[in-house]
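Me: I am new to this structure and would like a close look at a single part of it, the nonpolar core. Please take me through that part with care.

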Amino acid sequence: MKNTMLIPLVTITFFFFGWWIYFAFPNGPFINGGLLEAPWATPWSELMGTHMGGSVEGGLDGETTMYWSRINGVFWAAFLLFSWTAASIVSGAVIERIRSFAFWILAVVIGSFAWIIDAAWGWSYNGWMVQLLGYHDAYASGVIHAIAGGFALGVLVHLGPRLGRFRPDGTAREIPPHNPWLITIGLFLIYTGFWGFYVACNIPIFDIGGAAGMDESFFSTTNIYLAPTTTSAITFNFLMSLSGGLLVAYLVSKGDPFWTYSGGLAGVIGASAGNDLYHPIQAMVIAGGGAWVAYKMHFWVERKFKIDDAVGAVAVHGYAGFYGVVIAGFFLWGYPASMDPSYALITPWGQFIGAIIMFGVLGFVPAWIVAGILKAMGLLRVPAEIELVGLDLTYQKNVDRANTEIAQVERDEAAKIGIPFNNHRA
Amino acid sequence: MSSSLVLMSTGVETWNQNLLEIGPMYPFPGTEMLWVLLGVAFWIIWHICQAKTESNEIKDERERAKRGEHY
């Protein structure tokens, strides 16, 4: 239910303010300039509704009005998909003890506020991080995964571990999943969705001839920065990085199924920042590093800080995402971050600062503040009695009570008409 | 008024016109801010109602747990 209801909550808040933030905040604001005008993205804009483009809005010209009248909702939904993802990533780390109220407040904070600020800063052709740091993160190692992992960690610091997770000597007990097969199916669904996500991060065909200084049109697939890549490259690189992650995770976890599948994901995330430009074998090797970092960091942080990251979300998304942003700075050192030659080039230090902003400034810190407030109000975690019997108890108990009652009625009816009846509900 | 049966118009009255001149096509254009306020209020009230429901549910289940009904 937590993951289901984050969808409508993040959707409506992304309509109310998230979409406007993306277009208004590329300068910070006040880091590289002020707020930008985005009259098509305010929730009261005529262009947020059904519109034929015939009357201009907020000082826009006719062509711009016509453009946004047709495409606004489509782009909004593409970004919204990432908003849901960011919030959903957090949900896994906090399972079995967070209150629904707290989770949904936190989901709105990351899904409609924190992540879209980072997108405005570092996942936009004119974001200040792209302009000043040369930040490059084509498939969102940082702007989705590092921020979501950092955010989850900020919540976990206040939330604490599940009951019984740590022994008196501080070592962790295993809490086995209820259904490993559903985990397998879930992770394979994520792989499949991730492939679609990769394609959604591109503009499929765009004329970049003018921006490149050519005298003629040149149509290409571009990344979010409107710089060239190809669908061929990203298809190679997605599958090679998935493979690199799976192979290394299998070795490092000694064939543990959960960590092998999660390592595939960590591999893709580790290579995603530069997968628009890497060679496929580079993508495979970098992805292997991502899986290794996620696995090793997860258990180190667990031992050292007693953090109970129930599904490894901080590790797979946060640590692998951080690594992915930083490693792209070395492999793509000196590449242009944009078609605009006045923007900074990609560097290791630009990427490292970017990774800290994603994981720490926009991920960990807002979560730590909001979760701290919720904790102080007694609204963050369920009481121990509820955690022990399970958060889905009410639903299960209602099902049990209904089955018991209807089974008795059916037995009574069978007795009235004199037939033997072995009730399957009881 | 295109039909004597229509007593009022909430927006578009006919498609037989220069479509390039049509702007917003939803009913009651000009009331967007009102709808935004309504939507934001609905969102906040939803959280308040949910928080109350969850707190009551937790309270009831804690009492049941203390009575040993869940074990």
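Reply: The largest nonpolar core, meaning a set of buried Ala, Val, Leu, Ile, Met, Phe, Trp, Tyr and Cys residues joined through C-beta atoms within 7 Å, has 123 residues, and those with the most contacts inside it are Val90(A), Leu106(A), Ile110(A), Ile147(A) and Ala152(A). Helix H3 of chain A, residues 100-122, gives this core its largest share, 16 residues; helices here are DSSP runs of H or I with at least four residues, strands are runs of E with at least two, and both are numbered from the N terminus.

This is a predicted model, in which local features need pLDDT of at least 70 and side-chain atom pairs count only at pLDDT 80 or more, while totals for chains, interfaces and linings use all residues. Residues are numbered from 1 along each chain as its sequence is written, and chains are lettered from A and ligands numbered from 1 in the order in which they are written.

Ile110(A), one of the core residues with the most contacts, touches Ala86(A), Ala87(A), Val90(A), Trp115(A), Ala148(A) and Phe151(A), leaving out residues up to four places away in sequence; a contact requires C-beta atoms, placed from the backbone, within 7 Å.

As for the chain around Ile110(A), chain A has 13 helices and 3 strands, and 46% of its 426 residues count as buried, that is, with 20 or more other C-beta atoms within 10 Å of their own, whereas 12 or fewer would make a residue exposed and values in between partly exposed. Among contacts in chain A between residues at least 6 apart in sequence, 69% join residues at least 24 apart.

How values were computed
Contact = placed C-beta atoms within 7 Å.
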